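The exercises below work through one model, from whole-chain totals to single residues, and each task is followed by a solution in steps. Please keep the structure open while reading.

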Amino acid sequence: MNYNHFVIPFAAGALILFAILVARYAYWIVQMPRSDRRKAWTGFFRPAFFRSLWEVFRESLIHKKVFRVNAMLGWMHMSFAFGWFLLIIFGTIETKFHKHKVFNMPYDPIFLRYFEHDEKQFFFSQGFSFVMDFLLLILLAATFLAIFKRIRSRFFGMKRTTRLILGDRIALYSLWSVFPLRFLAESFTSGLHHNGGFLTGTAGIAFSSFLPLQQLELPAWWAYSSALFVFFVFLPFSRYNHIPTELFLIFLRNCGIKTSGRFSGFTEFEIYSCSRCGICIDKCQLAEVRPQQTQAVYFLQQIRRNILQPQTTFNCLQCGRCTEFCPVGIKADTLRSIKRTDYSLEYGFSYKYAEEKIPPPALPVDVGYFAGCMTHLTPSIKIAMENIMKKAGVRYHFIDRDGTVCCGRPLSLSGNERQARLLMRENKYIIRNSGIKTLVTSCPICLRVFRESYDLGIEVLHHSQYLLRLAEEGKISLKPTDAVFAYHDPCDLGRGLKIYEEPRMLIARCGELLHTQQEKNEALCCGNSLADFVTPEPRKQEMRDHTLQELLLNNPDALITACPLCKKSLTYGSNVPVKDIAELVAENQ
Amino acid sequence: MKNFGYTRHTDRQIDFDATDKRLYQFVFDLEPSINLCIFCGTCAATCSAGHFTTLSFRRISLLLRRGMNDIVKKEIENCMLCGKCQLVCPKGVNTRNVILQIVKGIEKYEL
């Protein structure tokens with residue numbers, strides 16, 4: 001049996017890592033709701049298992065989503081993950097061939113070059129030493145790129161990188177040293193025994209010409225083993241915890257488990273899967289205007305360290321861009337809205353008036369129009385909607401013509417879910433009593449809460465969807481003009497409800513639609529999101545101006561949006577007219 | 001009391017030295033933009049809850065500054081946080097956070 005004292009740090013580190021991870025995952029699995037646990041167990045025997053394997057290969061090893069952000073960044077991550085993975089696989093196979101045995105000590109592949117330096121030729125031995133050296137070269141290049149990224153992150157397409165805490169730093173530095181130390185140790189051994197490949201062999205000859213390798217060989221192996229020890233011990237307490245945790249997250253997600261209304265074992269898997277890569281920082285519009293560390297990465301870091309500030313929880317636009325770009329697919333915006341309920345108020349907000357309103361008697365119409373608070377603030381939209389529906393000959397019922405209570409979403413965004421339910425109950429009562437079959441709303445904020453929390457049992461449409469339907473049915477005819485338009489995707493309508501195409505198809509019927517740099521799921525927020533409670537007004541205006549700058553880059557004749565709040569917000573800063581999709585349709589009817 | 005054919009109103013003078021400024025100070029520390037309010041009333045014109053009640057952000061702001069916390073407590077119950085006041089405010093007061101902090105302050109000082 002191969003043994004030297006230097007294998008102890010590696011073995012001890014690996015054991016500690018294994019023990020911590022097993023204990024932690026067992027605890028989280030116990031914490032998961034019973035129904036989720038059942039889904040996970042049955043997931044092993046369903047296609048979900050193979051889907052997960054494919055996703056693990058695509059995301060955990062190849063890092064496809066990181067490649068989408070930046071090719072250099074993707075290459076660095078891929079060479080670390082896939083390179084190390086192959087090094088382990090080939091090292092294991094090499095050891096088994098070498099020893100002609102199926103079982104070997106777990107540290108044998110790691111320190112093989114030290115223990116086995118006889119010249120006996122086994123099957124494909126030259127090939128193995130070439131592959132192992134080639135993989136080591138890839139990993140050394142990745143280490144170089146990682147160090148270079150710390151100095152010049154812009155080269156990797158990142159304006160800002162995550163500010164690291166102590167645990168992260170120690171793990172990072174030990175990771176940086178693992179592969180150079182392996183290279184040195186293998187080269188030194190090769191210099192003495194000539195058992196290296198093209199890289200370590202050549203380096204060994206070179207080192208032996210000027211270094212006392214007899215004395216240096218053992219310390220180098222000790223250093224390599226110790227670096228692994230430090231990395232393994234710090235891994236569960238650092239950003240690198242995402243490496244094992246992400247595998248579980250991918251599997252659980254493929255089993256159909258979702259982030260529900262509260263924190264559970266599954267959310268723990270989500271929180272600990274954050275690799276703190278910092279991609280969300282650049283994508284967060286708040287990073288441009290405020291120095292505060294409020295982005296998804298810091299939010300999750302604060303939860304993990306148990307130092308979460310209310311300031312961080314409430315300083316978020318909930319635009320969902322971080323979730324959209326997250327390479328791990330963590331639903332940071334959902335986690336944040338769950339966390340907000342921790343700060344919900346016990347008293348306050350009673351809405352006695354919401355109980356006294358008597359809804360109007362049911363009318364014999366199928367379509368109900370709900371303008372919403374924000375549409376009442378921008379009356380041109382509701383006037384346009386009424387004109388269109390009158391012209392199209394649609395018989396409809398204007399549910400909140402004289403104003404009604406709010407839909408409840410602004411309140412639930414503040415974490416006061418219980419109070420929001422009072423408002424929802426009232427609206428639900430009014431809508432149900434009106435006897436309509438299709439509910440049309442102009443406000444994406446209302447639309448989202450109607451669809452996600454109301455459970456109305458009728459069709460709920462955004463007015464852009466409804467207008468497109470009217471146009472396709474031939475009830476309204478649109479005159480094409482030669483005007484060019486830019487379209488701003490509202491966050492709740494786009495990323496929230498995935499309604500991207502309907503407004504675009506309507507605009508295309510009225511004129512030419514310009515493409516913008518970041519559109520559809522990458523669209524920027526107008527800055528005035530109701531989810532943000534902390535950002536001061538001047539900073540919001542900065543965000544709005546930045547969004548406008550991008551939208552108006554190609555000099556459109558008008559800027560079209562599909563949300564009254566976005567319209568109100570963008571109008572203040574725009575030098576071209578900002579119109580709602582309903583206004584555009586009404587003008588071109 | 002003898003009826004002289006007229007009624008006497010209770011004294012409505014506000015003694016700024018004696019008013020309870022705790023709540024205002026609490027809100028101001030957490031959301032300084034409340035100090036920008038000029039009581040113009042634009043918010044009152046848009047208030048969704050104003051359809052049903054006497055609520056307006058202008059009133060809340062004014063009452064808070066006068067230390068009339070009991071009326072603030074009663075009025076603020078009706079706010080739906082819809083955010084229209086924030087969008088129209090010419091001075092950029094972060095009204096929704098002000099309302100949230102007031103409710104928190106009321107809880108804290110048990111007013």
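Helices here are DSSP runs of H or I with at least four residues, numbered from the N terminus, and strands are runs of E with at least two. The model is predicted.

**Exercise 1. Describe the overall make-up of chain A, covering its secondary structure, its box and its buried residues.**

Step 1. The secondary structure of chain A comes to 30 helices and eight strands.

Step 2. Taken along the principal axes, the box filled by the C-alpha atoms of chain A is roughly 95 × 50 × 45 Å.

Step 3. Chain A has 589 residues, of which 48% are buried; a residue is counted in this way if 20 or more other C-beta atoms lie within 10 Å of its own.

Step 4. When the contacts in chain A with a separation of 6 or more are considered, 74% of them are between residues 24 or more positions apart.

**Exercise 2. Work out the strand order of the sheet that contains S1 of chain A, and say which strands stand at its edges.**

Step 1. The order is S2-S1-S3-S4 in chain A, which makes an open sheet of four strands with parallel pairing.

Step 2. Strand S2 (396-398) and strand S4 (459-462) of chain A each have a single partner strand, so they stand at the edges, and one side of each has no neighbour in the sheet.

Step 3. On average, and with direction ignored, neighbouring strands of this sheet are turned by 25 degrees against each other.

Step 4. Strand S3 (residues 438-441) of chain A runs parallel to S4(A) and is joined to S4(A) by four bridges; within this region, Val440(A) stands opposite Leu461(A) of S4(A).

**Exercise 3. Place helix H24 of chain A relative to the strands it lies across, and decide whether this helix is mostly covered or mostly uncovered.**

Step 1. Helix H24 (residues 444-454) of chain A lies across strand S1 (367-370), S3 and S4 of chain A, and its direction is at about 160 degrees to that of S4(A).

Step 2. H24(A) is mostly covered, since eight of its 11 residues are counted as buried.

Step 3. The buried residues of H24(A) include the run Pro444(A), Ile445(A), Cys446(A), Leu447(A), Arg448(A), Val449(A) and Phe450(A), to which Tyr454(A) is to be added.

Step 4. Just after H24(A) comes Asp455(A), which takes a positive phi of about 55 degrees.

**Exercise 4. Repeat the sheet analysis for the strands S5, S6, S7 and S8 of chain A.**

Step 1. These four strands of chain A form an open sheet in the order S6-S5-S7-S8, with parallel pairing.

Step 2. The edge positions are taken by strand S6 (512-513) and strand S8 (578-580) of chain A, each with a single partner strand, so one side of each is left without a neighbour in the sheet.

Step 3. Strand S7 (residues 558-561) of chain A pairs with S8(A) over three bridges in the parallel sense, and the bridge partner of Thr561(A) in S8(A) is Asp580(A).

Step 4. Helix H27 (residues 501-510) of chain A packs on this sheet, where it touches strand S5 (484-488), S6 and S7 of chain A, and its direction makes about 170 degrees with that of S5(A).

**Exercise 5. Characterise the packing of H8(A) with H9(A), and then that of H4(B) with H6(B).**

Step 1. Two packed helices are described by the angle between their axes and by the distance between the axes.

Step 2. The axes of helix H8 (residues 166-193) and helix H9 (residues 198-210) of chain A come within 7 Å and cross at roughly 70 degrees. Angles of 65 to 115 degrees count as roughly perpendicular, and H8(A) and H9(A) are therefore roughly perpendicular to each other. The crossing of H8(A) past H9(A) is right-handed.

Step 3. The residues of the contact of H8(A) with H9(A) divide into five nonpolar, seven polar and one charged.

Step 4. Helix H4 (residues 69-76) and helix H6 (residues 95-109) of chain B pack at about 120 degrees, with their axes 11 Å apart, and H4(B) and H6(B) are therefore oblique to each other. H4(B) passes H6(B) in a left-handed crossing.

Step 5. From H4(B), Val72(B), Lys73(B) and Ile76(B) meet Ile99(B), Ile102(B), Val103(B) and Ile106(B) of H6(B); the contact divides into six nonpolar residues, no polar and one charged.

**Exercise 6. How many residues of chain A are in contact with chain B, and which element of chain A gives the most to that side?**

Step 1. In chain A, 26 residues are in contact with 25 residues of chain B.

Step 2. Helix H20 (373-377), helix H22 (409-413) and helix H28 (537-551) of chain A are the elements that give two or more residues to this side, and H20(A) gives the most, with three residues.

Step 3. The residues on the side of chain A that touches chain B divide into 18 nonpolar, five polar and three charged.

Note on methods:
Residues numbered from 1 in each chain as written. Chains lettered and ligands numbered in written order. Predicted model: local features only at pLDDT ≥ 70, side-chain atom pairs only at ≥ 80, totals over all residues. Contact = placed C-beta atoms within 7 Å. Nonpolar A, V, L, I, M, F, W, Y, C, P; charged D, E, K, R; others polar. Pairing = 2+ DSSP bridges. Axes fitted to C-alpha atoms, helices over the stretch in contact; angles between N-to-C directions. Parallel < 35°, antiparallel > 145°, perpendicular 65-115°, else oblique. Left-handed = near helix turned anticlockwise from the far one by under 90°. Buried ≥ 20, exposed ≤ 12 C-beta atoms within 10 Å, placed from the backbone.
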